[in-house]
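Below is a short report on sheets, helix packing, a pocket and some backbone details. Please look at the model first.

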Amino acid sequence: MTVLVRLRLALALSLLSLCSLPLGPALAGGKTIRAVMHSPLRVTDPILTTAYITRNHGYMIYDTLLGTDETFQVRPQMADWTLSADKLTYTFTLRHNLKWHDGQPVTAADCVASIRRWAAKDGTGQLILDNTAKLEAADARTITLTLKKPLGFVLEALGKISSYPPFMMPKRVAETSPNQAITNFIGSGPFKFVVKEFQPGVKAVYEKNKDYVPRAEKVSWTAGGKRVDVDRVEWIVMPDPQTQIAALLSGEIDMIEDTPFDLIPLLARNRNIQIRGTDPLGSQIVGRMNFLHPPFDKVEIRRAAMLALNQKDFLDALVGNPKYYQLCGAMFACNSALATDIGAKSLFSKNMDAARKALKASGYDGTPVVILHPTDVGVLKTHPVVAAQLLRQAGFKVDLQAMDWQTVVSRRASQKPPAEGGWNMFFTLWAGSDLVNPLVNQNLIGRGKDGAWFGWPDDRKLEDFRQAYALAMTPEERKKIANDMQAYAYDQVIYIPLGQFSRQSAWRKNLSAVVDSPIPIFWNMSKK
């Protein structure tokens with residue numbers, strides 16, 4: 001039985017199961033988009049978590065002061081801005097007639113409170129507040145930010161696309177502790193959250209905000225006019241991939257955000273289905289070592305391990321079809337403004353002999369490498385297996401420990417030795433939009449056990465690079481710093497990028513004007 005025959009059989013079974021699904025409002029009205037997203041929505045406060053589904057939920061109902069377009073330029077969104085000649089004072093002026101979903105006007109005081117709540121959690125926001133002399137509402141529509149010294153990334157930070165985007169909320173909501181979940185979902189964005197229909201892990205519903213006034217410019221990523229051409233969007237949860245495919249083919253749903261690569265051939269031959277990667281920055285596979293414990297506390301052993309790993313083996317195992325992936329050594333994501341392959345050469349070829357020699361020369365004593373292996377998430381379960389095989393070939397002793405992803409999420413936070421519940425290596429994915437510069441790339445924080453991302457490198461030089469980038473005032477300065485930082489990070493093996501791939505979305509062709517963007521966008525989209 002061929003793979004396709006097995007898939008067709010599974011699809012037929014899924015179609016039978018689909019007959020028992022409740023029919024939603026989409027079948028009764030032509031202006032409702034029903035989409036299966038990459039994950040169920042459970043956490044609804046976008047300042048409480050970096051989960052992408054929560055970020056996407058934020059973009060549905062909230063707006064931002066600034067946006068970023070497809071050329072990585074920051075653009076006005078809720079506000080325009082000016083900068084004083086001494087580069088110390090930013091003045092943001094809100095657009096006329098901005099309203100919250102309850103009809104109240106959006107004020108500068110609301111936005112000041114929102115900035116403060118966002119900045120308490122976001123790394124770039126923290127740097128801004130650390131260097132702020134005064135942040136206040138000068139009047140109902142004017143926000144002034146006065147710095148202690150010039151910073152080159154203020155607009156980038158307020159216009160950032162991904163974790164954490166600085167969403168604006170009413171003052172009474174934004175004054176909630178950043179560590180406490182909000183319970184009021186009033187925003188000023190293009191959609192309203194229908195709280196009464198929200199079923200965590202099952203369905204989330206959004207209605208068009210009829211009072212939203214879009215900007216006049218053409219939409220581009222999170223910038224430009226957010227025009228809503230449908231009445232309602234429903235995010236439907238369907239955990240089983242075959243059921244998703246069957247529902248899309250039958251018209252029960254309109255869109256799948258993240259189509260399994262092995263099922264794409266079933267959809268590709270249907271003339272009613274469009275398949276495309278809508279995120280131009282894609283996703284990057286990342287290998288992370290633990291700097292606290294042997295053997296990866298020694299840079300010589302980290303270098304030997306990196307020599308053993310090559311991107312093509314990982315990408316072939318996860319994606320398979322080179323049409324959807326690319327070899328990419330850019331720590332700041334390929335196709336980004338700071339993209340470069342500096343320092344990444346070894347990742348593009350097989351270097352097993354060199355890895356064996358480097359490991360022997362490093363003085364490796366056979367300490368087992370504990371690799372965390374999630375087995376329940378399709379896009380995460382292949383990397384540990386590939387890594388274990390390659391590291392064993394190089395001479396490492398590997399202990400591959402199987403568990404579910406939630407256990408990995410919990411265990412990777414442990415700083416205990418591997419034998420006491422800790423770990424030596426794990427793998428994950430980052431969206432390119434979360435890697436695009438030294439300030440947002442969590443892998444490059446060097447603040448050790450108390451401030452770095454899991455793995456906890458304690459590296460003053462990384463922090464010097466980040467500080468220099470924060471103070472740089474020109475794109476040329478920032479590019480030079482990023483190049484030098486990447487070369488240093490590869491030399492020290494701070495983490496290992498293992499290739500970039502494009503997740504594929506699929507939708508019925510009765511949807512049109514689907515916008516390419518690092519986040520899924522439902523404004524501008526039309527449905528016949």
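Helices (H or I, at least four residues) and strands (E, at least two) are DSSP runs, numbered from the N terminus. With those labels, Tyr164 falls in the loop between H5 and helix H6 (171-174). The model is predicted.

**Backbone details**

Tyr164 deserves a look at its peptide bond. The bond from Ser163 to Tyr164 is cis, with omega near -15°. Pro294 and Pro295 are also joined by a cis peptide bond, and omega is about 5° there. Pro295 sits in the loop between strand S13 (283-289) and helix H9 (299-308). Phe72 is not a glycine, yet it has a positive phi of about 70°. Its loop runs between strand S2 (66-68) and strand S3 (74-76).

**The pocket**

Phe72 returns here. Which residues lie nearest the centre of the second largest pocket? They are Phe72, Val74, Glu156, Tyr469 and Arg478, out of 36 lining residues. The elements giving two or more residues to this lining are strand S4 (79-83), helix H5 (154-158) and helix H15 (475-492). H5 gives the most, with four residues. The volume of the second largest pocket is about 780 Å³. Its lining divides into 21 nonpolar, ten polar and five charged residues.

**The sheet of four strands**

S4 also belongs to a sheet. This open sheet of four strands has the order S4-S5-S7-S6, and its pairing is antiparallel. S4 and strand S6 (132-139) are the edge strands, each pairing on one side only. From one strand to the next, the twist averages 15°. Helix H3 (residues 108-121) packs on the sheet and touches S5, S6 and S7. The direction of H3 makes about 155° with that of S6. A hairpin links S6 to S7 through two residues.

**The sheet of seven strands**

Strands of a sheet pair through backbone hydrogen bonds, either parallel or antiparallel. The second sheet described here has mixed pairing. It is open, has seven strands and follows the order S8-S9-S10-S1-S11-S19-S12. Strand S8 (191-193) and strand S12 (273-276) are its edges, and each pairs on one side only. Helix H7 (residues 241-250) packs on this sheet, touching S1, strand S11 (255-256), S12 and strand S19 (505-508). The direction of H7 makes about 30° with that of S19.

Three strand pairs from the two sheets are set out below.

| Strand pair | Bridges | Direction | A bridge pair |
|---|---|---|---|
| S1 (residues 32-36) and S10 (residues 232-236) | four | parallel | Ile33 and Val233 |
| S5 (residues 89-94) and S7 (residues 142-147) | five | antiparallel | Phe92 and Ile143 |
| S6 and S7 | six | antiparallel | Glu136 and Thr144 |

**A helix pair**

Two packed helices are described by the angle between their axes and the distance between the axes. What are these values for H10 and H12? Helix H10 (residues 311-318) and helix H12 (residues 383-394) pack at an angle of about 145°, and their axes are 9 Å apart. The crossing of H10 past H12 is right-handed. On the H10 side, the contact involves Asp313, Phe314, Ala317 and Leu318. On the H12 side, it involves His383, Val386, Ala387 and Leu390. The contact residues divide into six nonpolar, one polar and one charged.

Technical notes. Residues are numbered from 1 along each chain as its sequence is written. This is a predicted model: local features need pLDDT of at least 70, side-chain atom pairs count only at pLDDT 80 or more; totals for chains, interfaces and linings use all residues. Side-chain values use heavy atoms; hydrogens and water are left out. Axes are lines fitted to C-alpha atoms, for helices over the stretch in contact, and angles run from 0 to 180 degrees between N-to-C directions. A crossing is left-handed if the near helix is turned anticlockwise from the far one by less than a right angle, and right-handed if clockwise. Contact means heavy atoms within 4.5 Å. Ala, Val, Leu, Ile, Met, Phe, Trp, Tyr, Cys and Pro count as nonpolar, Asp, Glu, Lys and Arg as charged, and the others, Gly among them, as polar. On a 1 Å grid over the protein atoms alone, a cavity is a set of points where a 1.4 Å probe fits but cannot get out, and a pocket is an open set with protein on both sides within 12 Å along at least five of seven lines; lining residues have an atom within 4 Å of a point. Grid points are joined across faces, edges and corners, and a volume is the space filled by probe spheres set on the points. Two strands pair if DSSP finds at least two bridges between them.
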